[in-house]
Amino acid sequence: MPELPEVETVRRGLTPVLEGARLTHVRINRPDLRFPFPERFVERLEGARVERIDRRAKYLLAPLSTGETWITHLGMTGRFTLDGRQLGEFEEPAPIAGKHEHFSACAERDGRTRIGFADARRFGFMGLIPTAEVETHPWFAGLGPEPLGDGFSGAHLAEAFAGKKQTIKVSLLDQRIVAGLGNIYVCEALFRARISPLVAAGAVSRPRLERLATQVRAVLDDAIAAGGSTLRDFANAEGGQGYFQHRFDVYGREGQPCRGEGCTGVVRRIVQGGRSTFYCPSCQRR
DNA sequence: ATTACGTCCTGTCGGC
DNA sequence: TGCCGACAGGACGTAA
């Protein structure tokens, strides 16, 4: 379930365990996820100390004491688990938790915590690149601003959207324009801003773009707050039940009444760029 | 250059 | 119950 708020929630769950910890018992159970694991991946992680857990867009970054940064993208179904169980005298990490766990390690600081990474669809991936080269790496060089950072505003959207004929829905999913939004939060932000997903990005007025930027931040803040309250569940094996899902206004609500104040419309589902868009045709008119 | 589409992979859910 | 198609929160590669 990883869009920006979910990745941020995972980051906050991993931080207390991984920050300052040394990685041991690193293991991979297959040669690749979406991409091959890096060369000598296990050896390069083994014994390294994790300095921090950072997030950029939907990527998790763990700068290491070795001068390299361990990078994880959760794809669609990637999940970290922390079982918190002390492995005691076991030489090897605990048995594989399910057939889709492709990576595991232990974080050793005061005690030892086992970390697993499972990804059924294997759209996720991991990388290991010199920390000094992260910003210029192809995964990061072209990313737009963080939506919760200073670089994101109505003015930024106006500049990025100028002359664009692509619909605003599809444009907001473009990570080069703003980095971290996914299908759900784009739908929700457009609803909150009362902007139709069908309009051309370049045709949206400046006041509406200001409103959109405000609502993008608002929905992400709300979702992070909701995810943050379920940190523990996320970190445990059953993770993934974000609790913001109960507050969706449009996503997954096809055929249900619009929640807009005074609106009698019904939420519709259409397909744009091959992906579902949910919106209220009554209050998102242009 | 921008835009559109197919692709990677597995699991789940609804309909027949 | 079983089978089949549609769909799933991402991002890349290719082609128009």
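Here are some notes on a predicted model of a protein chain with DNA, point by point.

1. Let's start at the DNA. Around strand B you'll find A120, R121, R122, F123, K164, K165, Q166, V170 and G274. Sort the residues of this surface by type and you get 3 nonpolar, 2 polar and 4 charged.

2. Next, the "binding site" label. UniProt, in an unreviewed entry, puts it on H100, R121 and K164. Do these sit together or apart? The farthest two C-alpha atoms are 40.8 Å apart and the residues span 65 positions in sequence, so they don't all gather at one spot. Two of the names, R121 and K164, should also ring a bell from the list around DNA strand B.

3. Look at H100 by itself. Find the loop between β5 (78–82) and β6 (101–108), and H100 is there. H100 counts as partly exposed because it has 17 C-beta neighbours inside 10 Å. If you skip neighbours within four places in sequence, H100 is in contact with A118, D119 and A120.

4. Now R121, which belongs to the loop between β7 (112–119) and β8 (125–130). Is R121 buried or exposed? R121 has 12 other C-beta atoms within 10 Å, so it is exposed. Leaving out residues up to four places away in sequence, R121 touches G75, M76 and T77.

5. On to the "active site" label, again from an unreviewed UniProt entry: P2, E3, K58 and R275 carry it. P2 comes in the segment before α1 (4–18), while K58 is in the loop between β2 (54–56) and β3 (59–63). P2 has 23 other C-beta atoms within 10 Å, so we call it buried. K58 counts as buried too, because it has 22 C-beta neighbours inside 10 Å.

6. Who touches whom here? Not counting residues up to four places away in sequence, P2 touches V7, K58, L74 and G78. On the same kind of count, the contacts of K58 are P2, E3, L4, V7, H73, L74 and G180. P2 and E3, both on that list, also carry the "active site" label.

7. Last stop, the inside. The largest nonpolar core has 70 residues, and C187 and L190 touch the most other members. Helix α6 (residues 183–193) gives the largest share, 8 residues. Where does this core lie? Domain 1 (4–141) and domain 2 (154–279) both contribute residues, so the core lies between them. As for C187, its contacts beyond four places in sequence are V250, Y251, T277, F278 and Y279.

Definitions and conventions. Residues are numbered from 1 along each chain as its sequence is written. Chains are lettered from A and ligands numbered from 1 in the order in which they are written. This is a predicted model: local features need pLDDT of at least 70, side-chain atom pairs count only at pLDDT 80 or more; totals for chains, interfaces and linings use all residues. A residue is near a molecule or strand if its C-beta atom, placed from the backbone, lies within 6 Å of it. Ala, Val, Leu, Ile, Met, Phe, Trp, Tyr, Cys and Pro count as nonpolar, Asp, Glu, Lys and Arg as charged, and the others, Gly among them, as polar. UniProt positions are given in the numbering used here, feature names are shortened, and annotations may be inferred rather than shown by experiment. Helices (H or I, at least four residues) and strands (E, at least two) are DSSP runs, numbered from the N terminus. A residue is buried if 20 or more other C-beta atoms lie within 10 Å of its own, exposed if 12 or fewer, and partly exposed in between; C-beta atoms are placed from the backbone. Two residues are in contact if their C-beta atoms, placed from the backbone, lie within 7 Å. A nonpolar core is a set of buried Ala, Val, Leu, Ile, Met, Phe, Trp, Tyr and Cys residues joined through C-beta atoms within 7 Å. Domain bounds come from an automatic or database domain assignment.
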